[in-house]
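These are my notebook entries on one structure. I set down what I looked up, entry by entry.

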Amino acid sequence: MINVSNIHKTFKDKDVLRGVDFSIQSGECVVVIGKSGSGKSVLLKHLLGLISPDKGSIEIDGLKLDELTYRELQRVRSKIGMVFQSGALFDSMNVYENLKIAIDRLTNLKQNQIDDRIEQCLDEVGMKETKLFMPSELSGGMKKRVGIARAISFKPDYLFYDEPTTGLDPIMSDTINKLIYKFNKKNKITTLVITHSMKTVFEIADRVLMLYDGKIYFNGSVNDIKNSKDIIISSFVNGKEILDLGYEKQ
Amino acid sequence: MLIQILLYPFNFLNKVFTIFGEYVLLMTKMFHSPREWKDYISLTFDQMMVIGTKSIPIVIITSIFSGMVTSVQSAYQFESWTPTWFVGSIVGESILLELAPVISALVLTGRVGATIAAEIGTMRVTEQIDAIESLSFNPVLYLIFPRVVAGMCMFPILVVIASFFGIFGGWFAAIMTLDVTTYDFFKGFKTWFHPFDAFFGIIKSFFFGFTITSIACFQGYNAKGGAQGVGEAATVTVVTSCVMIVVLDYIISEILI
Ligand SMILES: Nc1ncnc2c1ncn2[C@@H]1O[C@H](COP(=O)(O)OP(=O)(O)OP(=O)(O)O)[C@@H](O)[C@H]1O
Ligand SMILES: [Mg+2]
């Protein structure tokens, strides 16, 4: 269970987050939408303790991140698998080593079990053949899938995805949405997804949050957001500029 | 406008001290959890290979030529006033005390410092450092500790190599182009040689090793933006390190001699 209360964050003089509140129950799949630059990635990094808020607090499984020692924070992180926007594979290591380093660090598996686990995770994302490729030899979508494989490799309780489908072709996006759905429903991993894509929202979300102007502007079900009459929400959902919408209504 | 110009030095100093403070804070993070050091030892050996072993060729080339230049130029300065075996003494002392540690350090600023800054900077801007941290590694111990320790261990060794080849270069130039025999060259070399001189260069290089690697790690770690930020980190590393090397060179000499 994750509890975010009233977090504020300012970079230089830019107020990126201005009082964000929400919580995520165990097993839920929550999708955060919001336009580019609205602070979605920043919010996600707060949840991992990579950025600390200027004000407010974040609680994961009852532990307040800002009250933890570095070691305790590391223990919390070890329960979270993170898929970064750019994949963030270690480019000095091949695909196999990228997964191995995570499994080595966060589980107590033996070498042959590690190899099995790597096979299995790469198979899940359909990247088995690229085991010995370097990240520089992979396309953007392939990097993302390896990033997902790395994040699930140590069987985390939580999975956070930063724009898992941005920049992918529709078929690959669909594959990834299905993967996210599967890990959430079958493996019971509490999931937080950040995205621009309404398709992702409709396919996987239990609940949708919309980040707007540094706050959670909307918090509700997929149906609620689909049928919302609010101009800001519907302009995002329908992918139209607010002005266009106004024109259509007249 | 005028006020801005007048305030500029103060703002500049303010910025320098702020950055220096951040640098010190980052370096002290290495000592927060000494119990974890053992987890990062194997990375340190990898870095010793990258920083040390792979730098040997460039160190050998630069030191041979600086030895040769010293030999030829000191003979030229003395003209016929002094006996030629003085060349051996000049070459020996300047190589051991100054040229081997300082020229190696300046060369390694480019070879090692810029590489580290670009490497860590790229990892920063592509979220790899965040990824390291999210896998519950300590990024300071994972990235900075191995490089700084490797620098402090390998620079002294590189300087021993540089000293050896510098003197070799000086000797070679002396017997080939000047009328100095091998016997005379080493007679001169031994006349003013103190064992401490050799040690002195090694002490210097220890500090240079720390300075170059730590500045590079700091710059890379704090890189911002994209490719441009990485380039800037590398440039600032080279410039700052070069300045710090000559400043430190003076300070260490002042203290130890
Ligand atoms: N480390 C930082 N220092 C300064 N400003 C930052 C930093 N990180 C993010 N920002 C600023 O915070 C704002 C939000 O950034 P963020 O990356 O969270 O956007 P986003 O919602 O993820 O956008 P996108 O969908 O394009 O990824 C941006 O304006 C960015 O410039
Ligand atoms: Mg983002």
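Helices, as I use the word here, are DSSP runs of H or I with at least four residues, numbered from the N terminus. I also note at the outset that this is a predicted model.

**Entry 1. Helix 1 of chain A**

I began with helix 1 of chain A, which is followed by A:Gly49. The phi of A:Gly49 is positive, near 75 degrees. I then asked how many residues of helix 1 of chain A are buried. I found that 8 of its 8 residues are buried, and I recorded the helix as mostly covered. Among them are A:Lys40, A:Ser41, A:Val42 and A:His46.

**Entry 2. The shell around ligand 1**

I next looked up the surroundings of ligand 1 and found 14 residues there. The closest are A:Lys14, A:Ser36, A:Gly37, A:Ser41 and A:Glu163. Sorted by class, the shell has 3 nonpolar, 7 polar and 4 charged residues.

Which elements of chain A each supply at least two residues of this shell? I noted strand 2 (14-24) and helix 1 (40-47). Helix 1 of chain A gives the most, with 3 residues.

I then looked up three distances to oxygen atoms of ligand 1. For A:Gly37, a backbone N or O atom lies 2.8 Å from an oxygen atom of the ligand. For A:Lys40, a polar side-chain atom lies 2.9 Å from such an oxygen. For A:Ser41, a polar side-chain atom lies 2.6 Å from an oxygen atom of ligand 1. Taken alone, ligand 1 exposes 630 Å², and the protein buries 66% of that.

**Entry 3. The magnesium ion**

I turned to ligand 2, the magnesium ion, and asked which protein atoms are its donors. I found OG of A:Ser41 and OE1 of A:Gln85, lying 1.9 to 2.4 Å from the ion. The pair links distant parts of the chain, as the two residues are 44 residues apart. A:Ser41 belongs to helix 1 of chain A, while A:Gln85 sits in the loop between strand 6 (80-83) and helix 3 (95-106) of chain A.

Are these two donors buried or exposed? The relative accessible area of A:Ser41 is 19%, and buried means under 20%, so I entered A:Ser41 as buried. A:Gln85 has 32% relative accessibility and therefore counts as partly exposed.

**Entry 4. Two residues with positive phi**

Most residues other than glycine have a negative phi. I therefore looked up two cases that depart from this general pattern.

A:Ala88 has a positive phi of about 50 degrees although it is not a glycine. A:Ala88 is placed in the loop between strand 6 and helix 3 of chain A. With a relative accessible area of 2%, A:Ala88 is buried.

In chain B, the phi of B:Ser136 is near 60 degrees, again a positive value in a residue other than glycine. I located B:Ser136 in the loop between helix 5 (128-134) and helix 6 (139-177) of chain B. B:Ser136 counts as buried, at 5% relative accessibility.

**Entry 5. A residue in helix 6 of chain A**

I found A:Asp174 in helix 6 (residues 170-185) of chain A. Not counting residues up to four places away in sequence, A:Asp174 touches A:Lys199 and A:Glu203. From A:Asp174 to A:Lys199 I noted a C-alpha to C-alpha distance of 8.8 Å, with their positions 25 residues apart in sequence.

**Entry 6. Chain B as a whole**

What helices and strands does chain B have? I recorded 9 helices and 0 strands. Along the principal axes, its C-alpha atoms fill a box of roughly 65 × 55 × 35 Å. Of the 257 residues in chain B, 47% are buried. I also looked up contacts between residues at least 6 apart in sequence, and 85% of these join residues at least 24 apart. The accessible surface of chain B is about 13,000 Å², and 74% of it belongs to carbon and sulfur atoms.

**Entry 7. Two residues in helices of chain B**

B:Ser89 lies in helix 4 (residues 86-125) of chain B. Its relative accessibility is 8%, so B:Ser89 counts as buried. Leaving aside neighbours within four places in sequence, B:Ser89 is in contact with B:Gly188, B:Phe189 and B:Trp192.

B:Thr235 lies in helix 9 (residues 227-256) of chain B. At 48% relative accessibility, B:Thr235 counts as partly exposed. I closed with B:Thr235 and B:Gly110, which are 125 residues apart in sequence and 9.4 Å apart in space, C-alpha to C-alpha.

Key: Residues numbered from 1 in each chain as written. Chains lettered and ligands numbered in written order. Predicted model: local features only at pLDDT ≥ 70, side-chain atom pairs only at ≥ 80, totals over all residues. Heavy atoms only, no water. Near = heavy atom within 4 Å. Polar contact = N/O pair within 3.5 Å; in protein donor to acceptor, adjacent residues only side chain to side chain. Areas by Shrake-Rupley, 256 points an atom, 1.4 Å probe, with all protein chains shown as cover. Nonpolar A, V, L, I, M, F, W, Y, C, P; charged D, E, K, R; others polar. Donors = N, O, S within 2.8 Å, 3.2 Å for Na, K, Ca; no water. Buried < 20%, exposed > 50% of the residue type's maximum accessible area, 1.4 Å probe, protein only. Contact = heavy atoms within 4.5 Å.
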